[in-house]
Amino acid sequence: MNKLTLDPQEVIDSREKEMFRTLRTNIEFTGVENKVITVTSCYPNDGKTTVSYHLASAFAESGKKTLFIDADLRKSIFMSRYQIRQEVCGLSHLLSGQAKLDEVLYETNIENLYVVLTGVFPMNPTELLGNQRFGEFLSLVRQEFAYIIIDTPPVGSVIDAAVVAKQSDASLLVLASDVVSRGEARRIVNQLKNANPNILGVVLNKVDSRGSSYYYGKRYRGYNKYGYGYGYGYGNTSK
């Protein structure tokens, strides 16, 4: 199998790792049928890539064979953020028929964690994600992996995330604190529900640590900086 070394630029501390473990556990208790999970956000820079990657890493850490799919075929920063310098075949190559699954699937230096990267940025990302090959691809990897985490573009900007969510088991929305209005968040949630009504919850990102308490989607309440359930506070993640 292809091998890939991930060298993340950001370092998270033990408390932040524990938040991702808590998020992982909460997802596990929603049911074993929720194994293919779309992660999106309202806007760019809400922190969805960091959330999706560390969530996938948390599943891998627990001994679950996990696949991280970078499906942001428009403006992915994953390769630069995780110091990937080698040439790779990716999702766009697979969906356009230029590569097979074993050519785009990479085993990483993190035990139990595998990745499929974007490949080249195509001119027609929505059409590629909505075509039959994407559904066939998910059907194949479902048989191999315990959890599949899919990072997608912000649903507030383009419809790609909704297209992917339609073929996933569930979705997770990342919101940056004090950025999106309640009305806009409601609009985004409804857009996701129209694609797939199974929204597991909301991750509140970039929480001001000086605050005393926060409310996190689906009736989960935060505790000072660190929220549990489907909410958490996490530094100044850029994307």
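I take buried to mean under 20% relative accessible area, exposed over 50%, and partly exposed in between, with a 1.4 Å probe and protein chains only. Helices (H or I, at least four residues) and strands (E, at least two) are DSSP runs numbered from the N terminus.

**Entry 1. Basis.** I worked on a predicted model, in which local features need pLDDT of at least 70 and side-chain atom pairs count only at pLDDT 80 or more, while totals for chains, interfaces and linings use all residues. Residues are numbered from 1 along each chain as its sequence is written, and side-chain values use heavy atoms, with hydrogens and water left out.

**Entry 2. Overall counts.** I found 9 helices and 11 strands in the protein. Buried residues account for 56% of its 239 residues. I took the accessible surface from the Shrake-Rupley method with a 1.4 Å probe, where for residues only the protein chains shown count as cover. The total comes to about 10800 Å², and 48% of this belongs to carbon and sulfur atoms. For contacts I required heavy atoms within 4.5 Å. Of the contacts between residues at least 6 apart in sequence, 80% join residues at least 24 apart.

**Entry 3. Helix 1.** I looked up which residues of helix 1 are buried, and obtained E16, M19, F20, T22, L23, R24 and I27. An α-helix has 3.6 residues a turn, so residues three or four places apart point the same way. I set the expected span of a helix at 1.5 Å times one less than its number of residues. For the 15 residues of helix 1 this gives 21 Å, and the end C-alpha atoms are 21 Å apart, which agrees. At the N-terminal end I noted D13 as a cap, with a side-chain oxygen 3.1 Å from the backbone nitrogen of R15. I count a polar contact as a pair of N or O atoms within 3.5 Å; within protein, one must be able to donate a hydrogen and the other to accept it, and residues adjacent in sequence count only if both atoms are side-chain atoms.

**Entry 4. Helix 2.** I repeated the span check on the 14 residues of helix 2: 20 Å is expected, and the end C-alpha atoms are 20 Å apart. In helix 2, 13 of the 14 residues are buried, so the helix is largely enclosed by the rest of the structure. I then examined H54, which is found in this helix (residues 48-61). H54 is buried at a relative accessible area of 9%. Not counting residues up to four places away in sequence, H54 touches E10, I12, F20 and Y82. After helix 2 comes G63, whose phi is positive, near 95°.

**Entry 5. Nonpolar cores.** I define a nonpolar core as a set of buried Ala, Val, Leu, Ile, Met, Phe, Trp, Tyr and Cys residues joined through side-chain atoms within 4.5 Å. The largest core has 31 residues, and L4, L6, I27, F78 and L172 have the most contacts inside it. Elements giving two or more residues to this core include helix 1 (14-28), strand 2 (36-41) and strand 7 (170-176). Helix 2 gives the most, with 7 residues. I listed the contacts of F78, leaving aside neighbours within four places in sequence: L6, T49, Y53, F68, D70, I84 and L117. A second, separate core of 24 residues includes V36, A99, Y114 and I148.

**Entry 6. L200.** I located L200 in strand 8 (residues 199-205). L200 is buried, at 3% relative accessible area. Its C-alpha atom is separated by 5.7 Å from that of L172, although the two residues are 28 apart along the chain.

**Entry 7. Salt bridges.** I count a salt bridge where a side-chain nitrogen of Lys or Arg is within 4 Å of a carboxyl oxygen of Asp or Glu. The structure holds 12 of them. E107 and K3 form one at 2.8 Å, N to O. E107 lies in strand 4 (residues 106-108) and K3 in strand 1 (residues 2-4), so the pair ties together parts 104 residues apart in sequence. K3 is exposed at 55% relative accessibility, and E107 is partly exposed at 25%. D151 and K48 form another at 3.1 Å, N to O. This pair links strand 6 with helix 2, 103 residues apart. D151 is buried at 1%, and K48 is buried at 2%. I also recorded a salt-bridge network linking E18, R21, R24 and E61.
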